[in-house]
Structure formats: C-alpha cells, structure tokens
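Subject: Handing over a structure, with notes

Dear colleague,

I am passing on a structure for you to look at, and I would be glad if you read the notes below with it open beside you.

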Amino acid sequence: LDKNLDAIQPIFWRENQLELLDQRALPQQEIWLKYNDSDAVATAITEMVVRGAPAIGVTAAYGVVLAARTAWQSAQQNWQQAMAEPLAKLADSRPTAVNLFWAIERMTALYKTLANDVSPENALLIEAKKIHDEDIAANHVMGHLGSELIDKNSVVLTHCNAGALATGGFGTALGVIRQGYADGNIQHVYADETRPWLQGARLTAWELQHDNIPVTLQAEGAAASLMATGQLDWVIVGADRITANGDVANKVGTYMLAILAKYHDVKMMVVAPTSTIDWQLEDGKDIPIEQRSEKEVTTIQGQQIAPEGVAASNPAFDVTPADLIDAIVTEAGVIVSPSLETMKKIKRKA
Ligand code: MRU
C-alpha cells in the first residue's frame with residue numbers, strides 16, 4: 001500500500017502564479033497550466049480544467065489574489081473598485097457549487113479591511129493558502145469520521161470524482177474511501193464512469209489505481225443490478241451544494257443512485273466540508289442547476305457520436321432529497337438522517 005495518500009494535488013501556487021493540473025487531459029496526459037490573470041482562471045473553471053466543488057473554491061480564492069495584483073498595478077489606491085469586474089467574472093464561471101461563492105465572499109470580506117495605499121496581494125495570498133490548507137485538513141477529518149461509519153470489509157460505490165482532484169487534496173468521498181481502505185473497513189470500490197464528462201472513468205479510477213485501492217469501473221446504468229446482488233454496502237458521494245434541510249446537489253445521476261440505494265437497502269453517505277453548505281437556501285429546489293452544452297452529450301472527447309443536430313439535455317447536477325440520505329459527513333461532525341432539525345447541530349459549529 002502506498003502510504004502517501006496525499007500525493008495527488010491539483011492546485012499549486014508556485015513562483016507567484018497559479019498552476020492547475022489540466023483535468024481534461026487526465027489520465028492520458030499530466031499537463032500543468034499556469035495562470036497570472038483572474039479572467040483566465042474564471043475560464044479555466046468554466047471549461048473544467050479544474051472541477052469539483054472544493055477545488056473550484058480554492059482556485060477562485062487564488063483567482064482573487066491575481067485580480068488584486070492586476071487591480072493594484074492598474075488602479076493603485078483605487079484597487080478595491082477595480083476588483084468588482086474580475087470578481088463578478090469569477091463568480092459567473094459555474095453556478096451550482098456554492099464553494100465558489102463562499103471562497104469569493106471570504107476573500108472579499110478580507111480585502112474590504114485592507115488599506116488603499118498598500119499592495120493587497122500578500123494579505124490575500126495568505127488567506128487563499130489558508131482556504132487551501134483548511135480544505136485538505138477538513139478532508140482528513142471527514143475521512144476518519146466517514147470511515148468510522150463503515151463496517152469491516154465493506155464494498156462501496158462512488159459516482160463522479162470527489163477525490164484529491166476535486167478538492168485541495170485527499171478528497172471528500174474518496175477521502176473516506178482512502179481512510180476506509182487503510183482502516184480495513186472498505187475492501188472494494190465500484191466507480192461509475194459518470195457520463196458525459198467521464199470523471200469516474202478518467203479521474204476516480206486513476207486516483208484509486210494510484211493508491212492501490214481495488215477499483216472496478218462500471219457504466220452508471222449497472223448500479224441497480226450491482227445492488228440487487230446484495231454485495232454493496234454503501235454509496236459514497238460528494239456534494240456541490242447542501243441546503244439547510246440537508247438536500248444535496250451533486251453530479252447528475254446521484255439522485256438515481258439514492259433511490260436505488262433506498263430500494264435495495266444500501267446506505268447512502270454524502271461527504272462535504274461545511275463550505276459546501278448553503279444555509280441561505282432552505283431546500284434543494286432553489287439550487288441553480290447548471291445546464292451545459294449539448295455537445296458534451298452528443299460527442300465524446302470531440303468525436304461526434306449522436307446524429308448531427310439531435311437535441312440533447314445536459315444538466316450537470318441533480319438534487320437528492322435529504323430523506324434518501326443516511327449520513328452527511330462534514331469536518332464539523334456527522335449528521336445522521338439529515339433534516340432541517342438535525343442539520344442545526346452543524347450550523348452552530350460551522
Ligand atoms: O462537474 P464537476 O466535475 O465539477 O462535478 C463534480 C461533482 O459533482 C462532485 O461530486 C462534487 O463537486 C464534490 S467534489 C469533492
């Protein structure tokens with residue numbers, strides 16, 4: 001077993017710039033892209049160079065640092081006013097993962113306290129690094145909390161990629177899986193390939209193989225028959241936004257798994273840091289669901305698959321109602337049977 005379960009990291013601040021591992025090219029190629037400009041960071045988020053809710057938040061925090069550098073260079077003591085446009089562009093990059101807005105708000109709260117006549121870059125960089133480090137630390141806490149819920153030698157299924165690549169490092173759902181495997185609680189992992197972006201096939205399979213964790217890839221349509229065999233114990237997924245009542249937006253297909261899990265008596269675990277909780281929304285029907293290009297469904301990696309001109313629907317996320325979820329694992333604690341009432345236990349700590 002590779003002991004370094006923290007080896008994979010998708011985001012670095014190096015030599016005064018942001019470096020992102022291009023997740024569109026994985027696992028065939030490991031390409032690092034460099035960013036000096038916050039608008040380019042916003043485009044990288046939209047185009048899925050970096051993806052996964054916590055990773056989007058960490059990236060946006062560094063994007064704010066780059067926006068501040070440019071604002072200071074171009075506007076000097078008026079730098080705060082010059083932040084409005086680039087930050088609006090960052091906020092516009094993807095709509096569903098609330099970590100994006102959470103990170104921009106946290107960076108904004110800090111920059112509003114800074115002086116007009118000093119470059120804001122250093123102070124903001126310290127805060128962005130803090131957001132990054134806190135995310136990795138939260139994943140380790142959740143890894144232990146989630147692993148404790150799982151009986152010895154369990155078999156689990158995950159969807160999309162909620163791994164090191166989707167976070168600052170270590171992962172949310174894959175953090176629990178990494179820790180659960182190290183603890184002997186998990187013996188085997190099924191990974192849904194996750195159409196249309198294939199995050200499961202390209203990213204989750206790559207991460208688990210890297211860490212020598214036994215993984216079997218399957219088309220997501222195979223989940224029901226897998227559950228019918230009685231071999232599966234848990235579905236473990238991440239989240240893009242959790243509302244005050246415990247409803248969960250996550251990669252499209254998660255809701256389908258939750259219904260299947262209920263029918264087959266398989267347990268459902270959602271793993272997400274408190275930065276993924278949107279306390280302002282009471283329930284999941286208010287979560288904005290990103291609709292992406294039809295091309296992502298009618299083509300596979302640029303190659304046309306469907307007949308030219310056919311209509312396609314491409315919602316990137318769906319909402320799983322709280323009552324289909326057995327446990328939400330956060331760094332502030334575990335919510336068993338999430339509801340408006342039980343979620344309050346975490347609200348006090350978050
Ligand atoms: O479209 P993506 O790849 O950004 O979607 C990612 C997911 O749905 C993840 O499950 C979620 O962000 C949690 S990542 C720890």
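The notes that follow go through a sheet, a pair of helices, some further strands and one loop residue.

Please keep in mind that this is a predicted model, in which local features need pLDDT of at least 70 and side-chain atom pairs count only at pLDDT 80 or more, while totals for chains, interfaces and linings use all residues. Residues are numbered from 1 along each chain as its sequence is written, and side-chain values use heavy atoms, with hydrogens and water left out.

Helices (H or I, at least four residues) and strands (E, at least two) are DSSP runs, numbered from the N terminus, and two strands pair if DSSP finds at least two bridges between them. An open sheet of 3 strands follows the order 1-2-3 with antiparallel pairing, and its edges are strand 1 (11-14) and strand 3 (32-35), each of which pairs on one side only. Strand 1 is joined to strand 2 (residues 17-21) by 4 bridges, and in strand 2 the bridge partner of F12 is E19.

Helix 2 lies across strand 1, strand 2 and strand 3, running at about 25 degrees to strand 1; angles run from 0 to 180 degrees between N-to-C directions, and axes are lines fitted to C-alpha atoms, for helices over the stretch in contact. The axes of helix 2 (residues 53-75) and helix 4 (residues 98-111) come within 7 Å and cross at roughly 30 degrees, and the two helices are therefore roughly parallel to each other (a word used for angles under 35 degrees). Contact means heavy atoms within 4.5 Å, and the residues that make it include A53, I56 and V64 of helix 2 and L100 and M107 of helix 4.

Further along, strand 8 (residues 241-243) and strand 9 (residues 248-251) pair in the antiparallel sense over 2 bridges, with R241 opposite A249 in strand 9. Their hairpin has 4 residues between the strands, and there G246 takes a positive phi near 90 degrees. Strand 9 also pairs with strand 14 (residues 317-320), in the antiparallel sense over 4 bridges, and K251 stands opposite F317 in strand 14.

Finally, N185 sits in the loop between helix 6 (173-182) and strand 5 (186-192). Is N185 buried or exposed? N185 counts as buried because its relative accessibility is 8%, where buried means under 20% relative accessible area and exposed over 50%, with partly exposed in between (1.4 Å probe, protein chains only). Leaving aside neighbours within four places in sequence, N185 is in contact with several residues, among them S147, D151 and G180.

Best wishes

Conventions
Angles under 35 degrees count as roughly parallel, over 145 as roughly antiparallel, 65 to 115 as roughly perpendicular and the rest as oblique.
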